[in-house]
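This briefing is intended for a reader at the bench who has the sequence and the coordinates at hand. Please consult the structure below while reading the points that follow.

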Amino acid sequence: MEKLFKLKENGTTVRTEILAGLTTFMTMAYIIALNPNLLTNFGAEGTELWNGVFMATCLASGIGTICMAFLANKPFAMAPGMGLNSFFAVVVANIATLASCTYLEAYQAGLCIILVEGVVFFFLSIFNIRDKIVQAIPVGVRTAIAPAIGLMLLNIGFGSNVGVYDDAGNCYYVFSNFFGSLTPSVLKDSMVGDTAYPTMVLTVVTIFIGLFAMIILKHYNVKANVLLGMLIGSVVYWAGEAIFLGVNPFASLATASFLPAFGDMAETTLFKFNFSTLFDIGWFTVITLIITFCMIDMFDTIGTLVGTASRAGMVDEDGNMPQMKEALLSDSVGTLVGSATGTSTVTTFVESASGVEAGGRTGLTALTTGILFLACMFLAPIAAIIPAAATSSALVYVGILMLSGLKNLDFSDFSQLAPAAIMLIGMPITGSIGHAIGLGLITYTVIKLCTGKFKEVSWLTIVISLIFLVKFFVIA
């Protein structure tokens, strides 16, 4: 392990790395069920396709993350990107309408787009073009990436990760509904109702108990504070379900199947590329979709790598991360595996920051997470019982920590401050790291050019800014 991952050189141990990998996995485990839900309309497109996407999610996440471990020796994990999977589902639905075909045929056509994107990124990574794009991002914009990701994690932790559903299927969120209501009685009587209200209260209590546990354990220098905080939160939630809601939190394990659905994946998604249906929607539309996926994925990945690496002290004095080429290459491999097995674009996950905060510094963290993803083909029911509220505690905690990166920002320089401010609000609102970086680059470029500081802006920064302008206003 020492020779393979250089643990002593990175100031870590096998135990710390494994705990960090487990922490990352627990904060990401939701993607295992959520991704197939999103891509199959929550199972409406058939059990076989759902099982196929589920298997693809585990395989692509596991293989891509293991590539990150051995190629780049970095503690970052990969999975089908949130936002990109929702966009992919919309694209598939549109293909089905335009080509007058079934959802499965349209899905297999959509996988062709992911395949082309993966091939493009593979060669861009091989020839260091993606690395040069990273270097073209101004230092001020890079500095703001980590804090902006922190705000996005806070938004996810208190928002989309912890929805509570009422009897009518309406979803309510912790901050906007629980804390946004005038009084608890308004929320209980006029909104979620008697059935869902106790679950909402339990969710809020779990998030804050888990968060406070992490902060207190950190004060006492407990390295596994994030993982232990999640476990404490989980126990609180399970106890609350059993005592106050009369629900057995482990009931699903009794009837769960632990056998991987390889047959369903082979039937529906494994190497099922349907180019003929794809081209039925027109060449221009196909090219536009490929460019859109490439733009979002590229800057989502770059933003996550730079932001998380900055938080972990893995960047040099110029803000560059060593082995960036290998990390980006791993990302492209993950996307290629995802297209071949049957899922949307695989990208580096921002939840990797939880493992970094738990002490993960090498590829052993990523290897642990990758193995757990592969194991989920057999152990998915166990991962499914981890409550979303417990993972939210970790997301909120890491989000708070990542805000500390603002101290490195030069607040006296408006060409740094303005892009940073726009990124800070843009990332949680759009839910896209790539879009927020694009807004930051455009702001930086316009300020520099309009204040006569042409020489401070590289030609590549200008080109990227123009591409984002086209993306936002022409092919959005």
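The points below are grouped by topic, from the whole chain to single residues.

The structure is a predicted model. The protein contains 22 helices and four strands. Its radius of gyration is 22 Å, which agrees with the value near 23 Å that a compact globule of 476 residues would have. Three salt bridges are found in a search of the whole structure.

**Overall form and surface**

- Along the principal axes, the C-alpha atoms of the protein occupy a box of roughly 65 × 55 × 55 Å.
- Of the 476 residues in the protein, 57% are buried.
- When contacts between residues at least 6 apart in sequence are considered, 80% of them join residues at least 24 apart.
- The protein has an accessible surface of about 19400 Å², and carbon and sulfur atoms account for 67% of that surface.
- The protein carries 20 positive and 28 negative charges, and the mean positions of these two groups are 13 Å apart.

**Salt bridge between Arg 130 and Asp 331**

- Arg 130 and Asp 331 form a salt bridge through their side chains, with an N to O distance of 3.3 Å.
- This pair links distant parts of the chain, since Arg 130 belongs to helix 7 (residues 129-136) and Asp 331 to helix 16 (residues 324-341), 201 residues apart.
- Arg 130 has a relative accessible area of 0% and is therefore buried.
- Asp 331 is likewise buried, because its relative accessible area is 0%.

**Salt bridge between Glu 357 and Lys 218**

- A salt bridge joins Glu 357 to Lys 218, and their closest N and O atoms are 3.6 Å apart.
- The pair links distant parts of the chain: Glu 357 is in helix 17 (residues 352-357) and Lys 218 is in helix 10 (residues 184-219), with their positions 139 residues apart in sequence.
- Glu 357 counts as buried because its relative accessibility is 12%, below the 20% limit for that class.
- Lys 218, with a relative accessible area of 40%, is partly exposed.

**Salt bridge between Lys 448 and Glu 456**

- Lys 448 and Glu 456 are joined by a salt bridge in which the closest N and O atoms lie 2.4 Å apart.
- Lys 448 counts as buried, at 5% relative accessibility.
- Glu 456 has a relative accessibility of 46% and so counts as partly exposed.

**Helix 7 and its cover**

- The buried residues of helix 7 are Arg 130, Asp 131, Ile 133, Val 134 and Ala 136.
- Their cover includes helix 6 (103-126), helix 8 (139-158), helix 15 (283-311), helix 16 and helix 22 (459-473).
- Helix 16, part of this cover, also holds Asp 331, the salt-bridge partner of Arg 130.

**Asn 35 and Asn 85**

- Asn 35 is located in helix 3 (residues 30-39), and Asn 85 is located in helix 5 (residues 84-98).
- Asn 35 counts as buried because its relative accessibility is 0%.
- Asn 85 is also buried, with a relative accessible area of 0%.
- Beyond its neighbours within four places in sequence, Asn 35 touches Val 53, Thr 57, Pro 80, Asn 85, Thr 343 and Ser 344.
- Beyond its neighbours within four places in sequence, Asn 85 is in contact with Ile 31, Asn 35, Leu 38, Leu 39, Pro 80 and Ser 344.
- Asn 35 and Asn 85 are thus in contact with each other, and both residues contact Pro 80 and Ser 344.

**Ala 196 and Phe 208 in helix 10**

- Ala 196 lies in helix 10, as does Phe 208.
- Ala 196 is buried, with a relative accessible area of 4%.
- Leaving aside neighbours within four places in sequence, Ala 196 has contacts with Val 164, Tyr 165 and Asp 166.
- The C-alpha atoms of Ala 196 and Trp 50 are 27 Å apart, and the two residues are 146 residues apart in sequence.
- Phe 208 counts as partly exposed because its relative accessibility is 22%, which falls between the 20% and 50% limits.
- Leaving aside neighbours within four places in sequence, Phe 208 is in contact with Phe 158 and Phe 179.
- Phe 208 and Tyr 397 are 189 residues apart in sequence, and their C-alpha atoms are 9.9 Å apart in space.

How values were computed:
Residues numbered from 1 in each chain as written. Predicted model: local features only at pLDDT ≥ 70, side-chain atom pairs only at ≥ 80, totals over all residues. Heavy atoms only, no water. Helix = DSSP H or I, 4+ residues; strand = E, 2+ residues; numbered from the N terminus. Rg over C-alpha atoms; globule rule 2.2 N^0.38 Å. Buried < 20%, exposed > 50% of the residue type's maximum accessible area, 1.4 Å probe, protein only. Contact = heavy atoms within 4.5 Å. Areas by Shrake-Rupley, 256 points an atom, 1.4 Å probe, with all protein chains shown as cover. Lys, Arg positive; Asp, Glu negative; His and termini not counted. Charge placed at Lys NZ, Arg CZ, Asp CG, Glu CD. Salt bridge = Lys/Arg side-chain N within 4 Å of Asp/Glu carboxyl O.
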